[in-house]
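Here is a short report for a first look. Keep the structure in view while reading.

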Amino acid sequence: IEVHYSTSSIQGWPQLSVQVWRQDEHNRSVIAGYGCCRVPLVPGMHEAEVVTWAPEGDWLDRLTACLVGGAPQLAHPEIVTDSKIDRCELHTSSKGVVHVEFQVVEKGFDAHGVSFLSSGSGAV
């Protein structure tokens, strides 16, 4: 995936939001997990692990999934990346890890007073 992001500050730096889907025994697409990670701030090549999770739902959701298939889904998927929403009240289960690589290039941030250190020099 190639993405170009333009900004005048690092406030609200972008995140990568992941939805993992699978095929069930009836060939239907079913959500297998959600996850997110921040795009690295420092220019260069980066690797990240996105830990994925899925809502377990209540007993009725689980019963429905057993009888007709599917899996509980988030009614509002923006909960994955919105830091203002408390996910602690959700009952979830871990679903695995997605490995991603980022190639970050910065250009023109100095015109807005934002400077970066190279990826080998530590902090931003």
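Buried means under 20% relative accessible area, exposed over 50%, and partly exposed in between (1.4 Å probe, protein chains only). This is a predicted model, where local features need pLDDT of at least 70, side-chain atom pairs count only at pLDDT 80 or more, and totals for chains, interfaces and linings use all residues. Residues are numbered from 1 along each chain as its sequence is written, and side-chain values use heavy atoms, without hydrogens and water.

Two residues can be set side by side. Helices (H or I, at least four residues) and strands (E, at least two) are DSSP runs, numbered from the N terminus.

| Residue | Place | Relative accessible area |
|---|---|---|
| Thr52 | strand 3 (residues 44–55) | 4%, buried |
| Glu56 | loop between strand 3 and helix 1 | 35%, partly exposed |

Contact means heavy atoms within 4.5 Å. Leaving out residues up to four places away in sequence, Thr52 touches Val20, Tyr34 and Val98, among others. On that basis, Glu56 touches Arg62, Pro72, His91, Thr92 and Ser93. The C-alpha atoms of Glu56 and Ala71 are 8.1 Å apart, with their positions 15 residues apart along the chain.

Next comes helix 1. At its start, a side-chain oxygen of Asp58 reaches to within 3.1 Å of the backbone nitrogen of Leu60. After helix 1 comes Gly69, with a positive phi near 90°.

A nonpolar core is a set of buried Ala, Val, Leu, Ile, Met, Phe, Trp, Tyr and Cys residues joined through side-chain atoms within 4.5 Å. The largest has ten residues, including Trp13, Cys37 and Phe109. Strand 4 gives the most to this core, three residues. A second, separate core of six residues includes Tyr34 and Leu74.

Terms used
Polar contact = N/O pair within 3.5 Å; in protein donor to acceptor, adjacent residues only side chain to side chain.
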